[in-house]
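Visitor: I'd like to learn how to read a model like this one. Could you walk me through it feature by feature?

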There are 2 protein chains.
Amino acid sequence: MSVTIKDVAKRAGVSPSTVSRVLSNHPRISHATSEKVREIMEEMGYHPNMMAKSLVSKTTKSLGVILPKPAEELFLNTFFMELIRGIVTQANRSGYDVVLTSGASEKEEVDAVSRLVFGGRIDGAILLYSRQNDPVVDFLSDKEFPTVLIGRSEQHANVLSVDTNNIEAAADATRHLIQLGHRRIGFVSGPSELVVSLDRISGYRQALQEAGLPLRDDWIVEGEFLQESGYRAMSFFMNLPERPTALVVVDDIVSFGILRGLHELGYKVPDDISIVSFNNIALAELSTPPLSSIDIGIYHLGYTASQALIQAIRGDDHALLSQRHIVPHRLIVRESSMFSPPHTES
Amino acid sequence: MSVTIKDVAKRAGVSPSTVSRVLSNHPRISHATSEKVREIMEEMGYHPNMMAKSLVSKTTKSLGVILPKPAEELFLNTFFMELIRGIVTQANRSGYDVVLTSGASEKEEVDAVSRLVFGGRIDGAILLYSRQNDPVVDFLSDKEFPTVLIGRSEQHANVLSVDTNNIEAAADATRHLIQLGHRRIGFVSGPSELVVSLDRISGYRQALQEAGLPLRDDWIVEGEFLQESGYRAMSFFMNLPERPTALVVVDDIVSFGILRGLHELGYKVPDDISIVSFNNIALAELSTPPLSSIDIGIYHLGYTASQALIQAIRGDDHALLSQRHIVPHRLIVRESSMFSPPHTES
DNA sequence: ATTGTTTGTGCAAACGTTTTTACAATTTCC
DNA sequence: GGAAATTGTAAAAACGTTTGCACAAACAAT
């Protein structure tokens, strides 16, 4: 049986409403009473009951984070941990808690979310890694429930989102290789349903064009965010009669697969082929050789998402609803792209 | 304004209590009414308000997960993501939500937890990676709040915990190397404040003793769960006049540092030195060479923790309070330990 | 002095549930 | 055929807050 506002009130010789007002720093409360009540609260070890509070205020001070349905591959990535850490840190800092949820199937996901939303358990939601046509996004945007998407969704322009400028990021990666002297640059992409894949391909193309280099669609290989995909892409490229001297790779994990394959076949990185990839997960600097990678500020993405969501909840609208936040990226150059390409005529 | 139990009651021509009873499958409700009420609930889109429910039932159907204070190194590890995934999956499956929290400092951590606990926001807590003398554990065990520790704490024998049998796991790793023919085996440990480090050292020693091999304390190197520690340990061992032919390493990340160092110095693994480590994070099979590692079932640890906690909350006591759950481990042999040691006389 | 305003506090309703108690209607039993 | 047990439902209190309204006291303005 914990201490309630009534207990405090009784002991302080005031009414419950007064205690409540002390708690919320109501202006019309005398300094004297305030002091006394606070003292007694301290003494009795009073802690407000969040449930009661939520019930009347219709607000829970918590955010829901929807984990993507267990696509196992995603969890190989430290990506999510970083993201979540960013979200939780900022949320806690603003006095919000974070409720995690996930579903085994799309249906379960929607169920879980609707339980949270309709049950009044959360004030807003952050969606990680939304797919195209994500039913959860549909659901939330339909209800006009405060929502932030991490990543960009083509069809939900009316939903807040936090994202990397992937086009620019890919262009940066590609330009870096061009500057090193590379003229034959391949691209290892992710699933073509994901906007991130498409954006990065665009950026890659853009940089090639700027430099007046030919666009060769046969040098764009599609795969998944898995090490195996990298391995396969590597085989493909290395068996070509005319090989690229450098690769831009859509994700660090995929690069790991490539590195491993190249090592097995006895190729040297960057001597035989240079590699630049994306995300700069912690392990990128631990690989052999350490990987050049675009740091997209994963923690920062999470942090920003949390911040944007809380603003939206507070109604600091300022027409920033339906806004897209871009988190800056930067290229981290490591050994995998430190040298110029072998001398050949293109 | 959402649909309440009263709205449903009015429309169905029954009392709110009846609706509530339908919801909770009260035995004394007629099939007819039940059907009718359910129909109307569906029709009106009724969803129970969790806050109101919690207020009266004094139970929230959510678990708190306390992330360790941002020890950056921990987040390099996919460890936590796996753990959390296990926790969330099992919790959701049992109808529980998971609230995440973390603190920038120990004080903030305790504050955050006490807010959750006293505020009645969570029914139980899971602590990841508790330190010795963890103030959060003290706080929770003091309040007799349902708590599960992942990992073992020496001083809180009265707290539920889920853990690996690290002594046995380390012994297994060491025995594996002995079976391959190794006679000179070193150990790279973690911080000596952590029980996990100490346990693994014990297991290592035990296996050496069983095999009648000499215990050499100068072949036990202490470090942190960082790649740099591995690098340093590697330097130490490789500069020894008499070198071990194999190493048991306390964490995969540390092994990555070792592998990288060996590669730089031109040593081959496993030809020159064999390595077995712990945790078998997803990247262990992606390293060069792939790493032999003890799989401690991280996901399973999280899953079990969640399960144990929910049981404790439900009061399925059966004297299983203050119990220690052991999650089985198994050795995954990969290339880093596939060959016999170079021929030498010990 | 009288009126008007400000300041500090209490009362009571409300938030959306669960649950205890009560009671009528029906069934069961001897 | 009447008492006892069972079944189905309702009324109302409770959970711990917040907040609009009321009102007394103190102060300010005329």
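Guide: Let's start with a term: a residue is near a strand if one of its heavy atoms lies within 4 Å of it. Keep in mind that this is a predicted model.

Visitor: Fine. Which helices each supply at least two residues of the surface near DNA strand D?

Guide: From chain A they are α1, α2 and α4, and from chain B α2 and α4.

Visitor: And which residues come nearest to DNA strand D?

Guide: There are 27 residues around that strand, and Ile5(A), Ser20(A), Ser15(B), Thr18(B) and Thr33(B) come nearest. On the DNA side, sugar and phosphate make up 58% of the strand D atoms that come within 4 Å of the protein. By class, this surface has 10 nonpolar, 11 polar and 6 charged residues.

Visitor: Which atoms of DNA strand D do Ser15(B), Ser17(B) and Arg21(B) approach?

Guide: Ser15(B) uses a polar backbone atom, 2.7 Å from a phosphate oxygen of DNA strand D. The other two approach bases through their side chains: an N or O atom of Ser17(B) is 3.4 Å from a base nitrogen of DNA strand D, and one of Arg21(B) is 2.8 Å from a base nitrogen of that strand.

Visitor: Now the other strand. Which residues come nearest to DNA strand C?

Guide: Out of 28 residues around DNA strand C, the nearest are Ser15(A), Thr18(A), Thr33(A), Ile5(B) and Ser20(B). Of the strand C atoms within 4 Å of the protein, 57% belong to sugar and phosphate. The residues of this surface split into 11 nonpolar, 11 polar and 6 charged.

Visitor: Which helix gives the largest share of the surface near DNA strand C?

Guide: That's α4(B), with 4 residues. The elements that each give at least two residues are α2 (16-23) and α4 (50-57) of chain A, plus α1 (5-12), α2 (16-23) and α4 (50-57) of chain B.

Visitor: What do Ser15(A), Thr18(A) and Arg21(A) touch on DNA strand C?

Guide: A polar backbone atom of Ser15(A) is 2.7 Å from a phosphate oxygen of DNA strand C. Thr18(A) brings a side-chain N or O atom to 2.6 Å from a phosphate oxygen of the strand. With Arg21(A), a polar side-chain atom lies 2.7 Å from a base oxygen of DNA strand C.

Visitor: What does the UniProt annotation say about residues 3-57 of chain A?

Guide: The record, an unreviewed entry, gives "domain: HTH lacI-type" for that stretch. In the model, residues 3-57 of chain A are 69% helix and 0% strand, with the end C-alpha atoms 20 Å apart.

Visitor: Let's move on to charges. How many salt bridges does the structure hold?

Guide: The general idea is that side chains of opposite charge can pair when their charged atoms come close. Over all chains, the structure holds 28 salt bridges. One of them joins Arg11(A) and Glu43(A), whose closest N and O atoms are 2.8 Å apart. That pair links distant parts of the chain: Arg11(A) sits in helix α1 and Glu43(A) in helix α3 (residues 31-44), 32 residues apart.

Visitor: Are Arg11(A) and Glu43(A) buried or exposed?

Guide: Arg11(A) is partly exposed at 49% relative accessible area. Glu43(A) has 52% and counts as exposed, because the cut-off for exposed is over 50%.

Visitor: Which residues does Arg216(A) pair with?

Guide: Arg216(A) forms a salt bridge with Asp218(A) at 3.2 Å, N to O, and another with Glu242(A) at 2.8 Å. Glu242(A) lies in the loop between α11 (227-238) and β8 (246-249), and Arg216(A) in the loop between α10 (195-210) and β7 (220-222), so this pair ties together parts that are 26 residues apart in sequence. Arg216(A) is partly exposed at 26%, Asp218(A) is partly exposed at 44%, and Glu242(A) is partly exposed at 34%.

Visitor: Last one, strands. Which residues form the covered face of strand β11 of chain A?

Guide: In a regular strand the side chains alternate between the two faces of the sheet. For β11 (residues 324-327) of chain A, His325(A) and Val327(A) form the covered face, while Arg324(A) and Ile326(A) form the uncovered one. β11(A) pairs with strand β5 (residues 160-164) of chain A in the parallel sense over 4 bridges. Within that pairing, Arg324(A) is the bridge partner of Ser161(A).

Methods. Residues are numbered from 1 along each chain as its sequence is written. Chains are lettered from A and ligands numbered from 1 in the order in which they are written. This is a predicted model: local features need pLDDT of at least 70, side-chain atom pairs count only at pLDDT 80 or more; totals for chains, interfaces and linings use all residues. Side-chain values use heavy atoms; hydrogens and water are left out. A salt bridge is a side-chain nitrogen of Lys or Arg within 4 Å of a carboxyl oxygen of Asp or Glu. Buried means under 20% relative accessible area, exposed over 50%, partly exposed in between (1.4 Å probe, protein chains only). A polar contact is a pair of N or O atoms within 3.5 Å; within protein, one must be able to donate a hydrogen and the other to accept it, and residues adjacent in sequence count only if both atoms are side-chain atoms. Ala, Val, Leu, Ile, Met, Phe, Trp, Tyr, Cys and Pro count as nonpolar, Asp, Glu, Lys and Arg as charged, and the others, Gly among them, as polar. UniProt positions are given in the numbering used here, feature names are shortened, and annotations may be inferred rather than shown by experiment. Two strands pair if DSSP finds at least two bridges between them.
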